[in-house]
Amino acid sequence: MSRIAGRNHLYVPGPTNTPERILRAMVVPQEDHRSPKFPELALSVLADLKKVFKTTEGTIFTFPASGTGMWEAALTNTLSPGDKVLCSRFGQFSHLWADMAQRLGFEVQVLDVEWGTGVPYDQYEEILRADKEHKIKAVLACQNETTTGVSSDIAKVRKAMNNANHPALLMVDTVSSLVSIDFRMDEWGVDCTVSGSQKGFMLPAGMGILGMSPKALKAMETATSRRCYFDIGDMMRNNATGYFPYTPSIPMLYGMREALNTIFEEGLENIFARHEYLANGVRAAVQEGWKLNLCAKAPEWYSNTVSAILVPEGFDAAKVISNAYNKYNLSLGAGLSKVAGKVFRIGHLGDLNALSLMSAIAGAEMSMLDNGINVTPGSGVAAASTYWRTNAPQAK
Ligand code: PLP
């Protein structure tokens with residue numbers, strides 16, 4: 001394939017675009033990760049990550065891994081073989097976490113709910129109320145299902161658990177939501193928060209990030225699941241003095257330091273407002289401009305980080321995506337699993353603004369037209385621009 005000139009327009013829902021200043025911060029010579037100076041960097045990153053998780057009580061760990069590794073770390077550090085886990089499945093990622101829990105030897109109760117909806121709060125409450133002997137040890141929830149562009153309300157999951165007066169650990173996947181959609185680890189009583197570097201943090205993939213509450217750390221003392229590389233005990237002992245039990249990726253730590261600086265300069269609440277504003281513009285393009293449907297069934301499920309857009313019956317979304325890439329150098333997110341060929345996704349998270357995101361809307365529209373999909377030329381761009389021109393958030 002010959003070179004396509006110009007920048008690739010990267011609008012998959014992770015990895016996201018990395019700002020130049022973060023890329024530059026990662027270009028560093030190798031250094032001794034056991035030097036007396038090294039803890040300065042490590043300790044500042046670990047302390048500042050707490051602000052992003054909105055926790056003062058919890059402890060944050062980073063591993064050379066991705067989000068998938070943190071699913072495993074959360075489960076194996078807190079549970080014992082045969083422990084019962086409650087979860088719900090409504091997309092490829094909630095499916096994969098449930099599947100992992102099964103493969104690791106836990107007894108998993110999976111609630112299959114319609115794709116396009118999210119965590120079934122009432123059903124969780126009902127099941128937890130009925131579990132009088134407290135056999136369920138962990139409740140899993142995916143805050144943002146990236147496959148379908150569906151966000152769930154974690155405060156409602158906590159409420160369901162409290163209403164049932166149930167002591168299970170609450171584990172939340174925030175891989176495609178942290179730093180983009182509000183998340184409050186302490187306030188919502190989340191015990192294990194799973195995340196990764198390549199989405200809201202605007203970094204390359206390669207750093208798994210895990211938040212553990214005091215209750216989760218206590219559970220670790222009696223949890224007998226086999227674990228080694230992801231053992232939090234080893235990590236905690238080393239982190240206490242600013243070191244790691246093995247060689248960390250030093251460029252990733254410098255990158256994370258700069259990502260945190262970037263995040264705090266904009267302000268977390270401003271970042272959430274920006275993501276909502278940008279997402280609303282995309283939804284205006286889809287619904288008012290193109291007259292198409294989102295995979296998310298109702299506004300309560302709409303995600304501010306990714307929109308999965310259903311193409312009309314008889315058309316292949318995979319062709320819209322490949323044509324966009326080959327002809328316009330635009331990367332759109334693929335339809336995964338059950339929705340393969342039915343949706344294309346626009347990732348609207350990380351380092352982006354209205355005009356950069358407009359390239360995804362314009363390109364998706366051009367590619368749909370190339371594929372014979374009957375959208376009015378310019379309609380998506382017009383609807384997004386009308387929204388964005390009149391609704392820019394005020395910085396706080
Ligand atoms: N959970 C969600 C919601 C995701 O979107 C992803 C990846 O896209 C994962 C988990 C898996 O994370 P990773 O690919 O970093 O292992």
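In this predicted model, helix α2 (residues 38-53) turns a good part of its sequence inward: Phe 38, Pro 39, Leu 41, Ala 42, Val 45, Leu 46, Asp 48, Leu 49, Val 52 and Phe 53 are its buried residues. The cover over these positions comes from several elements, including the strands β2 (59-63), β9 and β10 (208-212), along with the helices α8 (232-239), α9 (250-266) and α10. As for length, the 16 residues of α2 should span 22 Å at 1.5 Å a residue, and the end C-alpha atoms sit 24 Å apart, which agrees. Right after α2 comes Lys 54, with a positive phi near 50 degrees.

Helix α12 (residues 354-370) can be read in the same way. Its 17 residues reach 24 Å from the first C-alpha to the last, close to the 24 Å expected at 1.5 Å a residue. Buried here are Ala 354, Leu 357, Met 358, Ala 360, Ile 361, Gly 363, Ala 364, Glu 365, Ser 367 and Met 368. What lies over them includes three strands, β1 (9-11), β13 (330-332) and β14 (343-347), and the helices α10 (268-289), α11 (317-328) and α13 (379-390).

The pairing of α10 with α12 deserves a look of its own. Their axes come within 11 Å and cross at roughly 30 degrees. With angles under 35 degrees counted as roughly parallel, α10 and α12 are therefore roughly parallel to each other. The crossing of α10 past α12 is right-handed. On the α10 side, the contact is made by Tyr 277, Leu 278, Gly 281, Val 282 and Ala 285; α12 brings Ala 354, Leu 357 and Ile 361. Sorted by class, this contact holds seven nonpolar residues, one polar and no charged ones.

A second helix pair, α3 (residues 67-78) and α4 (residues 92-103), has axes that come within 10 Å and cross at roughly 45 degrees. That angle makes α3 and α4 oblique to each other. Here too the handedness is right, with α3 passing α4 in a right-handed crossing. Thr 68, Trp 71, Glu 72 and Leu 75 of α3 meet Phe 93, Leu 96, Trp 97, Met 100 and Ala 101 of α4. By class, that gives seven nonpolar residues, one polar and one charged.

Two of the residues in this helix pair turn up again around Leu 140, which has its place in strand β5 (residues 136-142). Setting aside neighbours within four places in sequence, Leu 140 touches Leu 75 and Trp 97, and also Val 85, Leu 86, Cys 87, Ser 88, Tyr 124 and Met 171. At 3% relative accessibility, Leu 140 counts as buried. Its C-alpha atom is separated by 38 Å from that of Ser 385, a residue 245 places away along the chain.

Burial is not confined to helices and strands: Ser 180 lies in the loop between β8 (169-173) and β9 (192-196), yet has a relative accessible area of 1% and is buried. What does Ser 180 contact, leaving aside its neighbours within four places in sequence? The partners are Gly 200, Ile 271, Phe 272, His 275, Thr 305 and Leu 349.

Key:
Residues are numbered from 1 along each chain as its sequence is written. This is a predicted model: local features need pLDDT of at least 70, side-chain atom pairs count only at pLDDT 80 or more; totals for chains, interfaces and linings use all residues. Side-chain values use heavy atoms; hydrogens and water are left out. Axes are lines fitted to C-alpha atoms, for helices over the stretch in contact, and angles run from 0 to 180 degrees between N-to-C directions. Helices (H or I, at least four residues) and strands (E, at least two) are DSSP runs, numbered from the N terminus. Angles under 35 degrees count as roughly parallel, over 145 as roughly antiparallel, 65 to 115 as roughly perpendicular and the rest as oblique. A crossing is left-handed if the near helix is turned anticlockwise from the far one by less than a right angle, and right-handed if clockwise. Contact means heavy atoms within 4.5 Å. Ala, Val, Leu, Ile, Met, Phe, Trp, Tyr, Cys and Pro count as nonpolar, Asp, Glu, Lys and Arg as charged, and the others, Gly among them, as polar. Buried means under 20% relative accessible area, exposed over 50%, partly exposed in between (1.4 Å probe, protein chains only). The expected span of a helix is 1.5 Å times one less than its number of residues.
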